[in-house]
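Reader: I should be grateful for a close look at one part of this protein. Please take the pockets as the starting point and then turn to the charged pairs.

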Amino acid sequence: MGPDVWASGAAYEPYVGRWSRKVAAEFLRWLAVGRGARWVDVGCGTGAVTEAVLRQADPAAVLGVDASAAYAEHARAHLPDPRARFVVGSAGALPIGDARADAVVGGLVLNFVPDAAQAVAEMARVARPGGTVGAYVWDYAGGMQLIRRFWDAAAALDPRARELDEGARFPLCRPGPLRSLFTGAGLVDVRVHPVDVPTRFRDFDDCWTPFLGGQGPAPGYAVSLAEDRRSELREHLRVRLPYDPDGSIPLSARAWAVRGGR
Ligand SMILES: C[S@@+](CC[C@H](N)C(=O)[O-])C[C@H]1O[C@@H](n2cnc3c(N)ncnc32)[C@H](O)[C@@H]1O
C-alpha cells in the first residue's frame, strides 16, 4: 500500500467527515474559547472543524490549512463564509506568522503528519501567548468502533492487515503520548479528554459503501483488495456487526481530545 490518500472530499464525507463534525462540536464546547477569536484549523480537510467554529464560536476569522488541494477546494465550496479562508499548506511549516492566532486546532490530523512534534511546535508558534492549542484523534485501538471492527475483520482474513491497522500504526492516539506531545512543545496546563459520539448507520450499506471511496487507511486497504477478497471481508464484517430490529447499526466513536495553553 502507498501513502494515505486524501483526494476526494465527496468520498471522505460519508466515511468519517460526517462523524468528525459531531466530535468537533463537542471538542469546541470543551475548549470553550471566547467569541471574536482568530482561529487556525490545521489539516482542515473538508472543513469539519472550521464549520463548527463558525457555527458555535462566533470567530473573527478562521484560516484552514490542508496539504490536499482537493479537500481545501471542497471546504471553500461548502463554506462560503467571509470569515473563513482555506489555503493549501503543510502542518510542518504553517504559512502563518508567529503569535497571530488566539486558537489553533486540528481534527484527526496529528497521526497522519510525518512529524507530529514538528506540527505541534508549529501550532504553538502561531498561537499568541495565552492562546489555546487543541487537537483530537480517533481512539483507533478501542472506542472508534467502526474502524476497530473493520481492522479486526481484515486481520482475521489477512495477516498483512495487522500492520496497516491504525490501532497499531498510530501509538500516538492514546492519552499518555498525546499529553507528552503537547507538554514537549512547551504548552502548559495540558489536558486530555475523551469525546464519545454515536455513529448509527442506517443499514449495512451505509456502513460499508464509504469504505469503497478510498480515502484514508481503512478504505485504502479495502480498495486495494481483489474483488473476491473484498467481498469476503465485507461478509465477514456484515455478520459481526450489531443490528437493531429496524436494521440500523448502533456503533459509537471515541476521540481523544488534547489541549494546552501557549
Ligand atoms: C482524517 S482527515 C481530517 C480532516 C478534518 N480535519 C476533519 O476532521 O474531518 C486528515 C487530513 O489531514 C491532511 N493532512 C495530512 N497530512 C498533512 C500535512 N502534513 N499537512 C497538512 N495537512 C495534512 C489531509 O489532507 C486530510 O485532509
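Which residues lie nearest the centre of the second largest pocket, and how many residues line that pocket?

Author: The model is a predicted one. In it, the second largest pocket is lined by 13 residues, and those nearest its centre are Arg-38, Trp-39, Val-40, Ala-61 and Leu-63. Strand 1, strand 2 and strand 3 (84–88) are the elements that give two or more residues to this lining. By class, the lining of the second largest pocket comprises 9 nonpolar and 4 charged residues, with no polar ones. The volume of this pocket is about 190 Å³.

The largest pocket offers a point of reference. Its space amounts to about 600 Å³, and 40 residues line it, with Trp-6, Gly-43, Asp-66, Val-109 and Phe-112 nearest the centre. Among the elements that give two or more residues to the lining of the largest pocket are strand 1 (38–42) and strand 2 (61–66), together with helix 2 (48–56) and helix 4 (116–126). Helix 1 supplies the largest share, 4 residues. The lining of the largest pocket divides into 24 nonpolar, 12 polar and 4 charged residues.

The charged pairs come next. Side chains of opposite charge can pair when their charged atoms come close. The structure holds 23 salt bridges. One of them joins Arg-254 to Asp-196, with the closest N and O atoms 2.9 Å apart. Arg-254 belongs to strand 7 (residues 249–261) and Asp-196 to strand 6 (residues 188–201), so this salt bridge ties together parts that are 58 residues apart in sequence. Both partners are partly exposed: the relative accessible area of Arg-254 is 25%, and the relative accessibility of Asp-196 is 42%.

A further salt bridge links Arg-230 and Glu-227, again with 2.9 Å between the closest N and O atoms. These two residues are 3 residues apart in helix 11 (residues 227–238), a separation of about one helical turn. Arg-230 has a relative accessible area of 16% and is therefore buried, the limit being under 20%.

The side chains of Glu-235 and Arg-234 also meet in a salt bridge, at 2.9 Å from N to O. Glu-235 is partly exposed, at 32% relative accessible area, and Arg-234 is partly exposed as well, at 26%.

Finally, salt bridges also form a network, in which Glu-13, Arg-21, Glu-51 and Arg-55 are linked.

Conventions: Residues are numbered from 1 along each chain as its sequence is written. This is a predicted model: local features need pLDDT of at least 70, side-chain atom pairs count only at pLDDT 80 or more; totals for chains, interfaces and linings use all residues. Side-chain values use heavy atoms; hydrogens and water are left out. A salt bridge is a side-chain nitrogen of Lys or Arg within 4 Å of a carboxyl oxygen of Asp or Glu. Buried means under 20% relative accessible area, exposed over 50%, partly exposed in between (1.4 Å probe, protein chains only). On a 1 Å grid over the protein atoms alone, a cavity is a set of points where a 1.4 Å probe fits but cannot get out, and a pocket is an open set with protein on both sides within 12 Å along at least five of seven lines; lining residues have an atom within 4 Å of a point. Grid points are joined across faces, edges and corners, and a volume is the space filled by probe spheres set on the points. Ala, Val, Leu, Ile, Met, Phe, Trp, Tyr, Cys and Pro count as nonpolar, Asp, Glu, Lys and Arg as charged, and the others, Gly among them, as polar.
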